[in-house]
Amino acid sequence: MGIQNGQVPFAHLINATFGTSLHHFGWTVPAVLAVALTALIMVLLAFLIEKLVLQHLVGQEPIILFMATIGLAYFLEGLGDVMWGADIKALDVGLPQGISDGIEAVTGQWFGYGFFIDRLDLWATLIAAMLVAALVAFAQYTKQGRAMRAVADDHQAAMSVGISLRFIWVMVWSIAGFVALVAGIMWGTKSGVQFSLSLIALKALPVLMLGGFTSIPGAIVGGLIIGVGEKLFEFTIGPMVGGATENWFAYVLALIFLVFRPQGLFGERIIERV
Amino acid sequence: MIYREAGDFKTSYRDDSQTFPIRLDRWGYYAIMAVAFGIIPFVINDYWANAVLVPFLIYAIAALGLNVLTGYAGQVSLGTGGFMAVGAYAVYKLMTSFPDVSIVIHILLAGGITAGVGVLFGLPSLRIKGFYLAVATLAAQFFLVWLFNKVPWFYNYSASGQITSPTRTVFDQAVTGPAATAPAKYLICLVFAFALAWLARNLTRGSLGRKWMAIRDMDIAAEIIGVNPLRAKLSAFAVSSFFIGIAGALLFAVYLGAAEVGEAFGINKSFLVLFMIIIGGLGSIFGSFAGAAFLVLLPVLLKNFLVGNMGWPTDLAAHIELMIVGALIVTFLIVEPHGLARLWRLAKDKLRLWPFPH
């Protein structure tokens, strides 16, 4: 979502770990309350980021904003470390876990052998699908969504038709923080909370570029291509070259693809004028 | 009078276009060079060499390289760590394959090999621009690190997957390996840093540098006035990678001695060098040195102060350092996008008019 507004969501997953770490305070807080509290913190953080950083960078090039968000990511990571320590934490907010027996039984009947699918993965898929649908609807059909896309297109033009840049930015960072919170909770439940999650957030960039910025269907298709592609590549070619190809496959694919189609799959054609 | 052009007459174009047009600057430069070459090698000890001066000089070379690409030619790269790894592994393979050839030649060759790899990964820059290119260079970073991790030929099939630099000498003084002394390490880095800074300064103010800057300011407009974007961009990638490769070779062979690719040349190194040129100043030779000095000294000072004086745990100091660096990046981007170099220039301009500013 940050991308849609011409910004880069690099600091976001760090926000997420930031949020999900909140449970491990001196006292215990009920999970639902903690999540709500974290969402509130995200909004506060969005407000602060807008006030302290982005307000001063209006009209700058995307690459400057990108570097600023990297700086922000470092700052938040340091802050989170100082507040909660850098060790890996277990996270349990009550999402179902373990192997789904039902699916194993059903697929066992269909194919003669069962599929082992973690119940958490099923939930994650469901939640992700719901989030995507909600975000698409928000961006396409609401007033704020349209304003957001206008800001992404051109800061000055958006301001001249009366859109408040500040409100949109606070809103976008809040939404991004919320999405990151959900992603962080799911990832944290699966593999523990730690601050090296920021490297995973980086992988969102080739996905977006492959699909094309400004296009939500593009992001989904790009995600599917890269997600499926890197697993297949690892499976077929990986053993021949020593494995661990997942580290770079997404980037190299995006690089090669962009050489032939710089705007990505569904992006708008880039027109440059002197 | 101090710090004035007045009385400093220039009678040729050559004098007029020199790097330090003001006499006091020139003397200051000669004095610093005299101290760096003539005094420091005799008083340097292991702590100063290993904690401060050697890493400063090596990172200054890397920052110079990235500054050529990002500051002068406007092509943002996040692949610095990967290119440094190329330099390090190239020098390792050369050192072990041809033990009789001088290490200086090996380091230069490693720079050349890195330049070749840099041009290869620079090819997409003709189609991809700005932010897209930054992400595309991440491909170089992750792919190269993976390559050096997975292909045993690069680390000579050693069991640990590490590369260890053997002892090599220059003028009968060991500069690499465990026997190397602090002055020898310092001097070889200083010679390379000096020569490369001189080269960078003269490249960037010549016709090549003007082409790079035209491309940076607007590549379509530059193409229209007759700058060949293919040559300008690829030459920027080649020169930049040459510098970064030498920095990587020195980092491995002289400073670290032994390296494991993911740890020594990971994505964090790319960000570190990028931060150096942002804080130091994009498009400035002095800025590369200032940024490198700043980010090398900051952890040392923080550690001495927080851990040594206040007795805080080391990891807390490291986290605070992360916060400070992050906050500084954002502050510099907002307040002074041209970095320390610009502040230095402003101070000098003020000094020229002092004590009668208009």
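Buried residues, meaning those with 20 or more other C-beta atoms within 10 Å of their own C-beta, placed from the backbone, make up 38% of the 274 residues in chain A. I should say at once that this is a predicted model, in which local features need pLDDT of at least 70 and side-chain atom pairs count only at pLDDT 80 or more, while totals for chains, interfaces and linings use all residues. Residues are numbered from 1 along each chain as its sequence is written, and chains are lettered from A in the order in which they are written.

Chain A has 13 helices and zero strands, where helices are DSSP runs of H or I of at least four residues and strands are runs of E of at least two, numbered from the N terminus.

Let me turn to where chain A touches chain B. Counting two residues as in contact if their C-beta atoms, placed from the backbone, lie within 7 Å, the contact takes 39 residues from chain A and 35 residues from chain B. On the side of chain A, the elements giving two or more residues are α3 (62-84), α10 (204-211) and α13 (246-260), and α3(A) gives the most, with 16 residues.

Now to two helices of chain B. For α7(B), residues 182-204, the expected span is 1.5 Å times one less than the number of residues, so its 23 residues should span 33 Å, and its end C-alpha atoms, 32 Å apart, agree with that. Among the buried residues of α7(B) are F192(B), A193(B) and L196(B). In α15(B), G339(B), L340(B) and A341(B) are buried.

Conventions
A residue is buried if 20 or more other C-beta atoms lie within 10 Å of its own, exposed if 12 or fewer, and partly exposed in between; C-beta atoms are placed from the backbone.
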